[in-house]
Amino acid sequence: MLTSILYVVCGGILLLFGGEILVRGASGIAGILRISPLIIGLTIVAACTGAPETAVSLTGALCRGSADIAVGNVVGSNIANILLVLGITAIICPIGVSSRLIKKEIPLLILVSAMLFAFAFTKDASGGHLFPRYAGFLFVGMYLLYNVWVVRTVHVDHDREITEELIQENRLEGRSRTATRFVIFLIMLGVGLGMLVYGAGVFVDGAVNIARLVGISELVISLTILAVGTSLPELVVSSVAAFRGKCDIAIGNVIGSNTFNLLAILGLTTTLVPGGLRLSDAMFRFDIPILLGTAVLASVLCITGKKLSRWEGATLVGVYGIYIGSLLVR
C-alpha cells in the first residue's frame, strides 16, 4: 500500500511539471508560426494529452481482452474531461469560448457522442450490445478528415497581445534565431509530453493497485480511477494554460482531446479487435448516455455568454461528484 501511495505522489509531481513545460512549448510554437493557440490546443496538445488514453485502451482490448477497460476508459475519460477538467479550469480562471468552438468543434463532439450511442444499439450473436468493427473504421476515417478540415481552416492569429511581440523579435533576431527558438519549443513539447505520459502511468498504477486492494470492480476502476488518471494530463495542461491566461489552449485541449478519444482511440481500438468491442449493459444504459449528456451540457454552458464562469465550473464539478457517487453505489 505504501509503495502505491508513493507512486501516486511521484506521478502527480511529474504531471504538474510536465504540464507546465508542455503549455510553454505549445504556446511558443503557436506564436512563432502565427497559428491560433486554439488550433494548437485542438490538434497537437489534444493528441499529446490523449497518449495515456491510447495506451490504456489498446492494452485493455488487445493484451487483456477487456472491452470494459477499453471502452470504459474512453467514455469515463471524456466525462471527466468535460465535468472535472473543464470545471476545475473554469474555477481557476473563467474561460472565454471562441465562436469557432461553439459553431464547429462542440457540435462535432455532440454528433460523435450521439453516433457512439446509436452504434451501441448493435447486437452481437448472444444478444449483447456491441460497438461494431465497421463503426471503428468509420471513426478513424472521420478523425483523418477532421484533421484535414482543421488544417484547412487554420487562420493567422491577428491578436496583437499574442503575436506582435514575437513577430517583432523575429524581425530583429533573424531567421536563425527564430529557428533556434522553434527547436527549443519543440523540445519542450516533447519533454513535457514524456513527463505527462510517464507521470500518468505511474499515478494510474498506484491508484489501480490501491483500488484493487479495497475490492473495486474492473468496470468501476476503468470509469473512475483510470478515466481520471488518464485525464490528468488534460487537467494539468488546461489548468496551467488557464492560470497563464492561455484560455484557447485550455478549452481547445479538452474539446480536441474528447474528439481524439472517440474518433482516434476508440475507432482504432475497435478496428483491431475482430468482431468489435462488446459493451456491458451498464455501459450502454448509463455511462454512454451520460457521455452524450455531458457534451450537450458543455454546449449549453459555452453558448450562454460565450464564457464559462466560476459558478458554471463549480456546477460541472458538482455533477461529476454525483456521477462518481452513483458509480460507487451501483
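**Exercise 1. The two sides of helix α11**

Task: in this predicted model, list the buried residues of α11 and decide how they are placed around the helix axis.

Solution.
Step 1. Glu312, Gly313, Leu316, Tyr320, Tyr323, Ile324 and Leu327 are the buried residues of α11.
Step 2. Viewed along the axis of α11, these buried residues stay within an arc of 125°, so one face of the helix is lined by them.
Step 3. Trp311, Ile322, Leu328 and Val329 are exposed, and they sit on the face of α11 turned away from the buried side.
Step 4. As a check on geometry, α11 covers residues 310-329, which makes 20 residues. From first C-alpha to last, α11 reaches 29 Å, close to the 28 Å expected at 1.5 Å a residue.

**Exercise 2. The same analysis for helix α6**

Task: compare the end-to-end distance of α6 with its expected span, then assign its buried and exposed residues to sides.

Solution.
Step 1. Helix α6 has 20 residues, for which 1.5 Å a residue gives a span of 28 Å. The end C-alpha atoms of α6 are 29 Å apart, in agreement with that value.
Step 2. Buried in α6 are Ala135, Gly136, Phe139, Met142, Tyr143, Tyr146 and Val150.
Step 3. The arc these residues cover around the axis is only 120°, so they lie on the same side of α6.
Step 4. The exposed residues on the other side of α6 are Tyr134, Phe137, Leu144, Leu145, Val151 and Arg152.

**Exercise 3. Aromatic pairs**

Task: state how many aromatic pairs the structure holds, then classify the pair of phenylalanine 131 and phenylalanine 139 and the pair of tyrosine 146 and tryptophan 149.

Solution.
Step 1. The structure contains 12 aromatic pairs.
Step 2. For phenylalanine 131 and phenylalanine 139, the ring centres are 5.4 Å apart and the planes meet at 65°. Angles over 60 degrees count as edge-to-face, and this pair is edge-to-face.
Step 3. Both partners are buried: phenylalanine 131 has a relative accessible area of 1%, and phenylalanine 139 has a relative accessibility of 0%.
Step 4. For tyrosine 146 and tryptophan 149, the centres are 6.0 Å apart and the planes are at 50°, so this pair is tilted.
Step 5. Tyrosine 146 and tryptophan 149 are three residues apart in helix α6, so about one helical turn separates them.
Step 6. Burial differs between these two partners. Tyrosine 146 is buried, at 4% relative accessible area, whereas tryptophan 149 is partly exposed, at 31% relative accessibility.
Step 7. Ring pairs also join Phe119, Phe131, Tyr134 and Phe139 into a cluster.

**Exercise 4. The internal cavity**

Task: give the number of cavities of 30 Å³ or more, then describe the lining of the largest cavity by residue, element and polarity.

Solution.
Step 1. Searching the whole structure gives one cavity of 30 Å³ or more. The volume of the largest cavity is about 30 Å³.
Step 2. Its lining consists of Leu42, Thr43, Ala46, Ala47, Tyr143, Tyr146, Asn147, Gly256 and Phe260.
Step 3. Two or more lining residues come from each of α2 (37-49), α6 (133-152) and α9 (247-271). The most come from α2, which gives four residues.
Step 4. By class, the lining has six nonpolar residues, three polar and no charged.
Step 5. Tyr146 takes part in this lining and also in the tilted ring pair with tryptophan 149.

**Exercise 5. Contacts between distant parts of the chain**

Task: for valine 197, methionine 283 and proline 107, give the helix, the burial class and the C-alpha distance to a residue far along the sequence.

Solution.
Step 1. Valine 197 belongs to helix α7 (residues 160-213) and is partly exposed, at 34% relative accessibility. Its C-alpha lies 8.8 Å from that of glycine 18, with the two positions 179 residues apart in sequence numbering.
Step 2. Methionine 283 belongs to helix α10 (residues 281-303) and is buried, at 1% relative accessibility. The C-alpha atoms of methionine 283 and histidine 129 are 9.3 Å apart, and the two residues are 154 residues apart along the chain.
Step 3. Proline 107 belongs to helix α5 (residues 99-119) and is partly exposed, at 35% relative accessibility. Proline 107 and serine 299 are 192 residues apart in sequence, with 7.6 Å from C-alpha to C-alpha.

Note on methods: Residues are numbered from 1 along each chain as its sequence is written. This is a predicted model: local features need pLDDT of at least 70, side-chain atom pairs count only at pLDDT 80 or more; totals for chains, interfaces and linings use all residues. Side-chain values use heavy atoms; hydrogens and water are left out. On a 1 Å grid over the protein atoms alone, a cavity is a set of points where a 1.4 Å probe fits but cannot get out, and a pocket is an open set with protein on both sides within 12 Å along at least five of seven lines; lining residues have an atom within 4 Å of a point. Grid points are joined across faces, edges and corners, and a volume is the space filled by probe spheres set on the points. Ala, Val, Leu, Ile, Met, Phe, Trp, Tyr, Cys and Pro count as nonpolar, Asp, Glu, Lys and Arg as charged, and the others, Gly among them, as polar. Rings of Phe, Tyr and Trp (its six-membered ring) pair if their centres lie within 6.5 Å; planes under 30 degrees apart count as stacked, over 60 as edge-to-face and the rest as tilted. Buried means under 20% relative accessible area, exposed over 50%, partly exposed in between (1.4 Å probe, protein chains only). The expected span of a helix is 1.5 Å times one less than its number of residues. The arc is that of the directions from the helix axis to the C-beta atoms.
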